[in-house]
Amino acid sequence: MSSPPRNSLMNVVSMKGGNGEHSYATNSGHQKTVFSKAQTMVVENMRETLVNFAFPECIKVAELGCSSGQNTFMAMSEIVKTIITLYQEKYRCPPEIDCCLNDLPMNDFNMTFKWASSFQEKLKMDYNGRCFVSGVPGSFYSRVFPRKSLHFVHSACSIHWLSKVPEGIEDNKKNVYIRSPCPLNVSKGYLDQFQKDFTLFLKVRSEEVMPNGRMVLTFKGRNTSDPLYRESCHYWSLLTDSLLDLVSEGVVKESEVDSFNLPFYDAGEEEVREVVKNEGSFEINKIETHEHLVPYKDSGEADDETCRLKFGEMMANRKRSITEPMLVAHFGDAIIDRLFKKYAHNAAQYYIVSRGCNKTTINFVVSLTRK
C-alpha cells in the first residue's frame, strides 16, 4: 500500500473510537491511573484559580485532547466538583460552568457525548451545579478558543503527541521511534519538532487563557538526559519488533516499516522547562514526576501461561486503541489483527524476561500560570 505523506498522519492521530474490544474507551484504564496521581495538583490549581479571579459568576474550563469514552469526564468531574465545593465553602451561589471538550475532528465525539447527559445529571443531583458541555474540534496546536476566554485548561495524555512526524529522520531504519543505536540526528529531529510544537502550543494558549489563568498538563516524559535512552518507551520497541516479524513473514515490506515513524515525543524535564522559559508567556508553578510500574504480576501466578497470554493481550489492546488509525493509514487494515497478535506474544515474552527489573513509564504533571 502506498504511504501517506508524513504530515497527513496528523489527520489520524486520534484514538480508536466506539466501545468495542479494541476501542480506546474500553482500553484506557492506564490513563485513569495517570489522572488519579495527577488529581491532587489539578484540584489545588483549580482552587487557586478561583481565588485569583475572585469567584466569577461564569467560569470557562477546557479539556484539551479529550478523546472518547467515560474517561473524558473524569477530570472534568473533579474540576467541576472543586469549583462548586469551594463556592459553597465561601457561601456563594454556584457559578455557571462552561466545559469545553477539545480534540481532533476525527475524534469519536459521538461516544464522548453519550456520557455527557449522565455527567450533567449526576452533577445536578449531587452538587446542584449548572454545567454546559460543548465539543470543540481542532488541533490544540492552533487557536481553538476566543481570545482571553479561558480560566483553566487541563490536558492529560495528549501533549506527547506531536503535530507531525519530524523531518529529516529518514535514517531511522527498522524503528518506529527513537531506539538505541539509531543515529543521533533522529533524536535531534524529534527534539526539534517537540520544541516547535510545544512553543506553538504555549503561544496559542497564551492568547486564549486570561492573565493569571492556570493550566495543568500531564504527558509522557523521561527521567534521563541520554537522547537515545528510551527504556520507558519499551512499548514502541515492541511495536517495531512486531512489524519486523511481519516483514520476515513477507506480510509487510521492510521499506514500509522504514518509512513509518510515530509523531510522539517523551521530553525530559529540562527540555520542558527550556521551552516554557524561552516562549515566555507562562510561569511554571510546579512539575511533578510520576512513575508507573509495568503491571506484570510478581507472583507465582505470573508463571502461568494463561496469565502471561492475558497480560500480552491487554498490552496489545492498549496500544492498538491508540495507534490503529495511524497504522491503517500507512499499512492498510489487512495486517492489523495479525500485527497485534504478534504484539501480544512479544509483550508477554518481554515482561517474563523483565520480571523484577522495575520497568516504569514516566509522566510529568506541569502546573503553569499565564503571566
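Is Ser248 buried or exposed? With a relative accessible area of 62%, Ser248 is exposed, and a closer look at this residue opens the set of views below. Please keep in mind throughout that this is a predicted model.

**View 1. Ser248 sits in helix H6 and contacts the backbone of Asp245.**
Helix H6 covers residues 234-248, and Ser248 belongs to it. The side chain of Ser248 reaches the backbone oxygen of Asp245, at 2.6 Å. Ser248 counts as exposed because its relative accessible area, 62%, is over the 50% cut-off.

**View 2. Helix H2 runs to about its expected span and is followed by Tyr91.**
From its first C-alpha to its last, H2 reaches 27 Å, close to the 26 Å expected for its 18 residues at 1.5 Å a residue. To find your way along H2, look for its buried residues, among them Phe73, Met76, Ile79, Val80, Ile83, Ile84 and Leu86. Polar-looking names are on that list as well, including Thr72, Glu78 and Thr82. After H2 comes Tyr91, whose phi is positive. That phi is near 55 degrees, in a residue other than glycine. Tyr91 lies in the loop between H2 and strand E2 (96-103). Tyr91 counts as exposed, at 78% relative accessibility.

**View 3. Helices H2 and H4 contribute to the lining of the second largest pocket.**
This pocket holds about 400 Å³ of space. Its lining is made up of 15 residues, and those nearest the centre are Gln70, Phe73, Met74, Ser77 and Lys122. Two elements give two or more residues each to this lining: helix H2 (72-89) and helix H4 (116-127). H4 provides the largest share, with six residues. Sorted by class, the lining of the second largest pocket has seven nonpolar residues, four polar ones and four charged ones. Phe73, one of the residues nearest the pocket centre, is also listed among the buried residues of H2.

**View 4. His160 is buried and makes contacts with Cys157 and Lys220.**
Look for His160 in the loop between strand E4 (150-156) and helix H5 (184-208). His160 counts as buried because its relative accessibility, 5%, is under the 20% cut-off. Its side chain reaches the backbone oxygen of Cys157 at 3.3 Å. A polar atom of the His160 side chain also lies 2.9 Å from the backbone nitrogen of Lys220. Cys157, a partner of His160, is found in the loop between E4 and H5. Although Cys157 is not a glycine, its phi is positive, at about 60 degrees. Cys157 is buried, with a relative accessible area of 16%.

**View 5. Phe152 in strand E4 comes within sight of Arg214.**
Strand E4 is where Phe152 has its place. Phe152 is buried, and its relative accessible area is 0%. Along the chain, Phe152 and Arg214 are 62 residues apart, yet their C-alpha atoms are separated by 5.0 Å.

**View 6. A cis peptide bond joins Ser180 and Pro181.**
The omega angle of this bond is about 10 degrees. Pro181 is found in the loop between E4 and H5.

**View 7. The second largest cavity holds about 30 Å³ of space.**
Two cavities of 30 Å³ or more turn up in a search of the whole structure. The second largest cavity has a lining that includes Asn175, Val176, Tyr177, Ile178 and Arg179. Cys233, Trp236, Ser237 and Thr240 are also part of this lining. By class, the lining of the second largest cavity divides into five nonpolar residues, three polar and one charged.

**View 8. Helix H9 bends at Thr323.**
How far does helix H9 span between its end C-alpha atoms? H9, residues 305-331, spans only 31 Å, whereas a straight helix of 27 residues would span 39 Å at 1.5 Å a residue. To see the bend, turn to Thr323, where H9 bends by about 60 degrees. A proline, Pro325, follows within four residues of that point. Just after H9 comes Gly332, with a positive phi of about 90 degrees.

How values were computed. Residues are numbered from 1 along each chain as its sequence is written. This is a predicted model: local features need pLDDT of at least 70, side-chain atom pairs count only at pLDDT 80 or more; totals for chains, interfaces and linings use all residues. Side-chain values use heavy atoms; hydrogens and water are left out. On a 1 Å grid over the protein atoms alone, a cavity is a set of points where a 1.4 Å probe fits but cannot get out, and a pocket is an open set with protein on both sides within 12 Å along at least five of seven lines; lining residues have an atom within 4 Å of a point. Grid points are joined across faces, edges and corners, and a volume is the space filled by probe spheres set on the points. Ala, Val, Leu, Ile, Met, Phe, Trp, Tyr, Cys and Pro count as nonpolar, Asp, Glu, Lys and Arg as charged, and the others, Gly among them, as polar. The expected span of a helix is 1.5 Å times one less than its number of residues. The bend at a residue is the angle between axes fitted to the seven residues ending there and the seven starting there. Buried means under 20% relative accessible area, exposed over 50%, partly exposed in between (1.4 Å probe, protein chains only). A polar contact is a pair of N or O atoms within 3.5 Å; within protein, one must be able to donate a hydrogen and the other to accept it, and residues adjacent in sequence count only if both atoms are side-chain atoms.
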